[in-house]
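Reader: I should like to look closely at one part of this structure, namely the sheet of one chain. Could you please describe how its strands are arranged and what lies against them?

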Protein chains: 2
Amino acid sequence: MFERAVAGERRALGRLLTLVERGGPAGDELAEIAHPRAGHCHVVGLTGAPGAGKSTITGRLAAAASAARADDTPGVGVVAIDPSSPITGGAILGDRIRMDEVIDREGTFVRSMATRGSSGGLALAVPGAIRVLDAVAYDPVIIETVGVGQVEVDIAGTADTTVVVVTPGWGDAVQANKAGLLEVADIFVVNKAERPGASDARRDLELMLDLGAHPVEGVPHWRAPILMTTATDGTGIDELWNEVGKHRTWLQETGELENRRQSRDRFEMLGRVDELLGAVGRARAESDHGVRLLGEVKERSMSPAAAASELLNDLLQ
Amino acid sequence: MFERAVAGERRALGRLLTLVERGGPAGDELAEIAHPRAGHCHVVGLTGAPGAGKSTITGRLAAAASAARADDTPGVGVVAIDPSSPITGGAILGDRIRMDEVIDREGTFVRSMATRGSSGGLALAVPGAIRVLDAVAYDPVIIETVGVGQVEVDIAGTADTTVVVVTPGWGDAVQANKAGLLEVADIFVVNKAERPGASDARRDLELMLDLGAHPVEGVPHWRAPILMTTATDGTGIDELWNEVGKHRTWLQETGELENRRQSRDRFEMLGRVDELLGAVGRARAESDHGVRLLGEVKERSMSPAAAASELLNDLLQ
């Protein structure tokens, strides 16, 4: 199936991504096949608050990237992460429709991933999806996540180029800062730039960049540019695509690209380590020893924390 | 400090809760002191979508509980969980102010907990806060969480009595179902019941309860009642408080209370196990062995998943 996906069969690729999302032995096997062939695509992370227009920007950016691609390449991969809670799912469905309106169906492969409440699953499924798209030569791969929740921010932050989208409006830049989005941003986009307050939002971001900037001698420094867009009519998208290219060149020339990729490998390895250790923990909790300790917690002769330490006693030397 | 909190000193109690939130050795020590004295209070979890009016309901429910308390008890504890992302923090600040308007300051202790993006921290801090409030005789303790994200739903779901708040409007009940809120609900509240669509929301919930109901012989079954409230003017709050009392009695009479508490102990123990194992995993990733494996991932001679398995080889027999 992998070879069929490499040959350009979109249905085969879709099935591979389903295997990645499901995890398990088939997903593992696929990772082993894809890993040696991956490592070429540029990964763009795009994140921001709900309603900032991320999906529309992603769709337009994908169209710009697709138009610029070489003839012998399949095009642009897009992985859109639905928020882990279906409570806000309605808005996302709307977004998906908006994205469909602007993408170039030929040169773009869009995959929407539900997280089913499992942020741990997300931390593994996204790198896995990037690997498969990468191995079958999609380039760039754009990852769109809502910038709410640590895992989502981390995922966007481990991209090669991270784009943070804000909108005009009181305190949006401040909120993005608190959410840790400022630290991960390589490029800022003030979307809905035709609205009142857009220049204020820009000024807020400039100020925060000034406050946060303390370049270290000998360490390459990139100051995140701030772009103004109106994604609904496409204004500013070409400039954004251009800046992504500049950042890509900067990463290559400074060697930062290697660092980013190592962070991403590390993030994935740790995600997997957490998954494996989680299974170890649950198995121990369900063992006779675990049940006995829970009994002591119930009798109030032992706290849950003490029971946990006791349960892992041999590992915590 | 614990003794001063027991004696009714609110500032001492506030400091204890700060220790719980910070974690670390002082928090652990506190848990050891508090655990043997806890286990008496009724824990009410209150959850629902953002903007459903949870804070106002919590405030009014706390006032009703406080009015009904015995003279020699300190009253009602409230732990309100701010969402893990500060992006939506603005709305919450507004909520907090609304809650302040309705609570009885004398008989209620309100604690707002920020989660700082760490859902793992939340899974430990909330049981810790319940334990402390419980040990100094607050009863009931109400936990308010936004029903977005697995950890938040889990926390509300491990309460003795879980109240799920929905509002009239297309699909809200359906969304609550998808988020796993239906499964954890002991009581439903349709808030903003004066709005159009309230009776539709009620009907949707009834239907979903009918579909989901398959009582097992010999296992006590509680069908979640559906209450209509207008929290802003207090309509329906006495009925809600009354239903919480009925559910409490049902839990005691059927023995379900013990089951709930064991689940809660287990949830906390597993949260702690995850924390401890997470540290083990990070230490291994940073070891020479971990760095060497990451090098192989970079050279593409090993996938991140294979590296993780190798790193934990001795634990995964």
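Author: The following account takes the sheet of chain B strand by strand and then turns to the helices beside it.

This is a predicted model, in which local features need pLDDT of at least 70 and side-chain atom pairs count only at pLDDT 80 or more, while totals for chains, interfaces and linings use all residues. Residues are numbered from 1 along each chain as its sequence is written, and chains are lettered from A and ligands numbered from 1 in the order in which they are written.

Chain B holds an open sheet of 7 strands in the order β3-β2-β4-β1-β5-β6-β7, with parallel pairing. Strands (E, at least two residues) and helices (H or I, at least four residues) are DSSP runs, numbered from the N terminus. Two strands pair if DSSP finds at least two bridges between them. The edges of the sheet are formed by β3 (108-113) and β7 (226-228) of chain B, each of which pairs on one side only. From one strand to the next, the twist averages 20 degrees; axes are lines fitted to C-alpha atoms, for helices over the stretch in contact, and angles run from 0 to 180 degrees between N-to-C directions.

Strands of a sheet pair through backbone hydrogen bonds, either parallel or antiparallel. In chain B, β2 (residues 76-81) and β3 pair in the parallel sense over 6 bridges, and B:Val76 has B:Thr108 as its bridge partner in β3(B). Strand β2(B) also pairs in the parallel sense with β4(B) (residues 141-146), over 4 bridges. There, B:Val79 has B:Ile143 as its bridge partner. Strand β4(B) is in turn joined to β1(B) by 6 bridges, and these two strands run parallel. B:Gly48 stands opposite B:Val146 of β4(B).

Are the residues of β2(B) buried or exposed? Of the 6 residues in β2(B), 6 are buried. A residue is buried if 20 or more other C-beta atoms lie within 10 Å of its own, exposed if 12 or fewer, and partly exposed in between, with C-beta atoms placed from the backbone. In a regular strand the side chains alternate between the two faces of the sheet. In β2(B), B:Val76, B:Val78 and B:Ala80 point one way, whereas B:Gly77, B:Val79 and B:Ile81 point the other way, and all are buried. Strand β4(B) is likewise mostly covered, with 6 of its 6 residues buried. From β4(B), B:Val141, B:Ile143 and B:Thr145 point one way and B:Ile142, B:Glu144 and B:Val146 the other, all of them buried.

Two helices may now be added to the picture. Helix α10 (residues 198-212) of chain B packs on the sheet, where it touches β5 (161-166), β6 (187-190) and β7 of chain B. Two residues are in contact if their C-beta atoms, placed from the backbone, lie within 7 Å. The direction of α10(B) makes about 170 degrees with that of β7(B). Helix α11 (residues 237-254) of chain B lies across β1 (43-48), β5, β6 and β7 of chain B, and runs at about 170 degrees to β6(B).
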